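Please work through the exercises below with the sequence and the structure at hand. Each exercise gives a task first and then a solution in steps.

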Amino acid sequence: MKVEKSGGIAKVSGFYGQFPTTLDEKGRFALPAKLRNVVGPSGKPILEGTIVLTKGLEGCLSLYPEAEWEEIQKRLSSQNFTHADFRYFSRRFYSMAAAVSPDRSGRVLIPANLLAEAQLKKDLLLIGVNRMIEIWNPANYDKYVDDYPGSFEDVAERLYSGPGGDGQQ
C-alpha cells in the first residue's frame, strides 16, 4: 500500500473498506465515491474507462481495474496449458469475464449470468481488497467470515510467520 502526502493530507492507494449498496431494477449498482476516486500512478482514477468484472473466489464477483486485469493475464499466460487445473480455472475465469464501464453516475451494470453466479439480489456488499474490489451477497460474506477456520489472529500468524513471512522473531 502506498501512502502519499498532498497538502498535508495522506492519500492511500489501493481499495479498502466495506460499502453496503443495492442493485437497481436494471441490475446496476453505484460505485461509492471512495472507490471511484482511488488514483493510480498517473494520478487519474483507476476505475475510469473499462474495468473487468468476473467470477471471484468463495462465491463473490471480482472487479478489476484495467491495469490489474492486464497483470492477471500476464501471470495466467505464463502457466502451462497442459495442466488440467489451469485449463479449468482459465475457462471458468475468462468465460465469466465482462468488460464494463461505469456510467456518468458511477453505476456499473452486472450481467445476468454474474448476478446468478454470485447469488446477488437487491442488497450488495462491496469490499476493497487492495488491487481489486469484491462484490458479495451480504449473507454469503457473513457466512464466509463466520465459517472460516481459525480467527483473524490465527490467519495473520500463519501468513506472517514461516517462509516468506514478515514476522521473523
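The structure is a predicted model, and the exercises move from the whole protein to single elements and then to pairs of side chains.

**Exercise 1. Describe the protein as a whole: how many helices and strands does it have, and what share of its residues is buried?**

Solution. Begin with the secondary structure, which consists of six helices and ten strands. Next, turn to burial, where the cut-off is a relative accessible area under 20%; buried residues make up 33% of the 169 residues. The exposed surface of the protein comes to about 11100 Å², of which carbon and sulfur atoms supply 53%. Finally, among the contacts with a separation of 6 or more, 55% are between residues 24 or more positions apart.

**Exercise 2. Examine strand E6 and determine which strands it pairs with and which way its side chains point.**

Solution. First consider the cover of E6, in which five of its five residues are buried. Then sort these residues by direction: Leu61, Leu63 and Pro65 point one way, while Ser62 and Tyr64 point the other way. This fits a general pattern, because side chains in a regular strand alternate between the two faces of the sheet.

The next step is to look for partners. E5 and E6 are antiparallel and are joined over five bridges, with Val52 standing opposite Tyr64 of E6. Five residues lie between the two strands of this hairpin, and Glu58 takes a positive phi near 60° there. E6 is also joined to strand E10, residues 132–136, by three bridges in an antiparallel arrangement, and in this pairing Leu63 has Ile133 as its bridge partner.

**Exercise 3. Decide whether the length of helix H2 agrees or disagrees with the expected span, and find where its buried residues lie.**

Solution. Start with the length: helix H2 has twelve residues, 66–77, which at 1.5 Å a residue should span 16 Å, and its end C-alpha atoms are 16 Å apart, so the two values agree. Now list the buried residues of H2, which are Glu68, Trp69, Ile72 and Leu76. Seen down the helix axis, these buried residues fall within an arc of 100°, and therefore they line one face of H2. The face turned away from that buried side carries the exposed residues Ala67, Lys74 and Ser77. As a last step, ask what provides the cover: strand E5 (51–55), strand E6 (61–65) and helix H3 (84–95) are included in what covers the buried residues of H2.

**Exercise 4. Survey the salt bridges: how many are there, and how accessible are the residues of the pair Glu68 and Arg75?**

Solution. The count comes to eight salt bridges, taking a distance within 4 Å as the cut-off. In the pair Glu68 and Arg75, the closest N and O atoms are 3.8 Å apart. Glu68 has a relative accessible area of 12% and is therefore buried, whereas Arg75, at 42%, is partly exposed.

Continue with Arg107 and Asp103, whose side chains meet at 2.8 Å, N to O. Arg107 is partly exposed at 28% relative accessibility, and Asp103 is partly exposed at 27%.

Then take Lys143 and Asp147, with their closest N and O atoms 2.4 Å apart. These two residues are four apart in helix H5 (residues 138–147), so about one helical turn separates them. Lys143 counts as exposed at 52%, and Asp147 as partly exposed at 47%. To finish, note the network of salt bridges that links Lys55, Arg92 and Glu117.

Technical notes. Residues are numbered from 1 along each chain as its sequence is written. This is a predicted model: local features need pLDDT of at least 70, side-chain atom pairs count only at pLDDT 80 or more; totals for chains, interfaces and linings use all residues. Side-chain values use heavy atoms; hydrogens and water are left out. Buried means under 20% relative accessible area, exposed over 50%, partly exposed in between (1.4 Å probe, protein chains only). The expected span of a helix is 1.5 Å times one less than its number of residues. The arc is that of the directions from the helix axis to the C-beta atoms. Contact means heavy atoms within 4.5 Å. Accessible areas come from the Shrake-Rupley method with a 1.4 Å probe; for residues, only the protein chains shown count as cover. Two strands pair if DSSP finds at least two bridges between them.
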